[in-house]
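Welcome, and thanks for taking a look at this one with us. Below is a short tour, grouped by topic, to read alongside the structure.

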Amino acid sequence: MESCRESVEGSVGVRQFYIEKHGPNGDYASTEVMKYRPYDDLPEEIKNFGHSGSDYWCLWNCMQSLLGDETADTIDVYEAMDMFLPGLFAFRSMLEGGKPMEIPDLRLQEERDKWRNDTKMSDPKAVQYERIPSHASEMIYR
């Protein structure tokens, strides 16, 4: 599934999703285009929050969890890392010319220990750490 961030041409405030459907063997079946207007169903006070109101729900669920609501829609640190690490390791793979990289499962002590002393950082002011580019434009191509 993919969405465009811009409004659909000629329709102010209307967004589109492109949903590719694949058959049981992974073969391409069809593409569906779904149009929606992100703010239509939101209460007025939520419309001022970013990302079409989703920032509000993250904060609201966090507060509900802190107040003891066990049904609040939150994630733990490991689920957050499951979402973050593929992007980090894709970037590190790019820095090493596309080298395949194994994404660690930080739920496992031995996996955490492998990365405990990793000091790669893109902040140029953090001189005590191993400096890596923060963007592909900083790389020197040979």
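Arg-92, Asp-118, Lys-120 and Glu-130 are joined in a network of salt bridges. Please keep in mind that this is a predicted model. Across the whole structure, a search turns up 8 salt bridges, and the largest pocket holds about 230 Å³ of space.

**The salt-bridge network**

- Within the network, Asp-118 pairs with Arg-92, and their closest N and O atoms are 2.6 Å apart. Asp-118 sits in the loop between helix 3 and strand 4 (120-121) while Arg-92 belongs to helix 2, so this salt bridge ties together parts that are 26 residues apart in sequence.
- Are the two partners buried or exposed? Asp-118 counts as partly exposed because its relative accessibility is 30%, whereas Arg-92 is buried, with a relative accessible area of 7%.
- Glu-130 forms a salt bridge with Lys-120, and here the closest N and O atoms are 3.8 Å apart. Glu-130 lies in strand 5 (residues 130-131) and Lys-120 in strand 4, so the pair ties together parts that are 10 residues apart in sequence.
- Glu-130 has a relative accessible area of 41%, so it is partly exposed. Lys-120 is partly exposed as well, with a relative accessible area of 32%.

**A salt bridge between Arg-107 and Asp-82**

- Arg-107 forms a salt bridge with Asp-82, with 2.7 Å between the closest N and O atoms. The pair links distant parts of the chain, 25 residues apart: Asp-82 is in helix 2, and Arg-107 is in the loop between helix 2 (77-95) and helix 3 (109-115).
- Arg-107 counts as partly exposed because its relative accessibility is 41%. Asp-82 also counts as partly exposed, at 38% relative accessibility.

**The largest pocket**

- Which residues line the largest pocket? The lining is made by Leu-85, Leu-88, Phe-89, Arg-92, Pro-104, Leu-106, Arg-112, Trp-115, Arg-116, Asp-118, Lys-120 and Ile-132.
- Helix 2 and helix 3 are the elements that give two or more residues to this lining. Helix 2 gives the most, with 4 residues.
- What is the make-up of the lining by class? There are 7 nonpolar and 5 charged residues in the lining of the largest pocket, and no polar ones.
- The pocket and the network can be viewed together: Arg-92, Asp-118 and Lys-120 are among the lining residues, and these residues are linked with Glu-130 in the salt-bridge network.

**Helix 1 and its surroundings**

- Helix 1 has 13 residues, and the distance from its first C-alpha to its last is 19 Å. That span is close to the 18 Å expected at 1.5 Å a residue.
- After helix 1 comes Gly-68, whose phi is positive, near 100 degrees.
- Asn-61 is found in helix 1 (residues 54-66). Why does Asn-61 count as buried? Its relative accessibility is 12%, and the cut-off for buried is under 20% relative accessible area.
- Which residues does Asn-61 touch beyond its neighbours within four places in sequence? Asn-61 is in contact with Ala-72, Asp-73 and Thr-74.

How values were computed:
Residues are numbered from 1 along each chain as its sequence is written. This is a predicted model: local features need pLDDT of at least 70, side-chain atom pairs count only at pLDDT 80 or more; totals for chains, interfaces and linings use all residues. Side-chain values use heavy atoms; hydrogens and water are left out. Buried means under 20% relative accessible area, exposed over 50%, partly exposed in between (1.4 Å probe, protein chains only). Contact means heavy atoms within 4.5 Å. A salt bridge is a side-chain nitrogen of Lys or Arg within 4 Å of a carboxyl oxygen of Asp or Glu. The expected span of a helix is 1.5 Å times one less than its number of residues. On a 1 Å grid over the protein atoms alone, a cavity is a set of points where a 1.4 Å probe fits but cannot get out, and a pocket is an open set with protein on both sides within 12 Å along at least five of seven lines; lining residues have an atom within 4 Å of a point. Grid points are joined across faces, edges and corners, and a volume is the space filled by probe spheres set on the points. Ala, Val, Leu, Ile, Met, Phe, Trp, Tyr, Cys and Pro count as nonpolar, Asp, Glu, Lys and Arg as charged, and the others, Gly among them, as polar.
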